[in-house]
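Please read these points beside the model. They concern the core, two backbone outliers and the pockets.

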Amino acid sequence: DIDGPEEATLKRPDFEKDDSGDSFEYTATYEADSDGEYTATVETAEDAAGNDGADDESDDVTVDTTGPEIENIDITEEDGGGDTVADGDTVSVSADITDETSEVDDDTVTIDASPLGAGTVELENTDGDTYEATFGVDDPDADDVDVDLDISATDTVGNENTESGTITLDTTGPDFSNVKVTQDDGGDTVTDGDTVVQKSQT
């Protein structure tokens with residue numbers, strides 16, 4: 001019998017017999033669709049005369065096909081906590097990362113900060129399920145727009161997951177147009193003591 005997130009009973013036709021050695025070996029494969037811990041128990045093993053040699057022998061196995069869960073991604077400018085950064089600013093990153101079946105491999109938790117010129121940055125497990133990092137914006141390749149940054153994590157059996165967070169990049173100053181500099185009364189000529197008025201649209 002198979003017990004766990006799913007249950008099943010395997011019968012003789014499900015097993016392959018190997019009698020090449022001194023004893024018989026029976027092998028069956030069960031393909032589970034759900035992650036979790038399973039227990040396989042031998043309930044019955046009868047010979048041709050009906051003698052049952054099974055004694056509830058069992059073994060456990062854990063099925064894990066899912067990468068870590070990455071939640072609560074927060075990417076902000078470190079000093080002010082805003083969601084817009086410029087070249088030279090420092091970015092603060094945090095995320096909650098868990099794995100229901102296996103453990104998170106801390107050495108694999110990274111953020112791809114290449115669009116902001118920082119390459120791949122490793123996040124550190126700072127408290128419970130929280131992972132954090134900081135990095136500097138350095139001659140970014142991305143355009144002035146919302147930039148998606150991928151956070152990746154792998155569990156201890158090799159399952160990976162990637163989720164993204166967003167921050168806005170702004171490296172362009174205000175655009176000035178219709179600049180006018182005149183004398184206080186509207187003229188284009190000034191002398192010592194006159195008042196100069198400057199007007200522009202930004």
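The points below take these topics in turn.

1. The model is predicted, so local features need pLDDT of at least 70, side-chain atom pairs count only at pLDDT 80 or more, and totals for chains, interfaces and linings use all residues. Residues are numbered from 1 along each chain as its sequence is written, and side-chain values use heavy atoms, without hydrogens or water.

2. The largest nonpolar core (buried Ala, Val, Leu, Ile, Met, Phe, Trp, Tyr and Cys residues joined through side-chain atoms within 4.5 Å; buried is under 20% relative accessible area, exposed over 50%, partly exposed in between, with a 1.4 Å probe and protein chains only) has 24 residues. Val91, Val93, Ile97, Ile111, Leu116, Phe135 and Leu149 touch the most other members. Strands E6 (69–77), E8 (90–98), E12 (130–136), E13 (146–154) and E14 (160–169) each give two or more residues to this core; strands (E, at least two residues) are DSSP runs numbered from the N terminus.

3. Which residues other than glycine have a positive phi? Asp56 does, at about 55 degrees, and so does Asp139, near 50 degrees. Asp56 lies in the loop between strand E4 (36–41) and strand E5 (58–63) and is partly exposed at 49% relative accessible area. Asp139 is in the loop between E12 and E13 and counts as exposed at 57%.

4. Phe135 touches Asp89, Thr90, Val91, Val93, Ala113, Leu116, Ala118, Val121 and Leu149, where contact means heavy atoms within 4.5 Å and residues up to four places away in sequence are not counted.

Terms used
Helix = DSSP H or I, 4+ residues; strand = E, 2+ residues; numbered from the N terminus.
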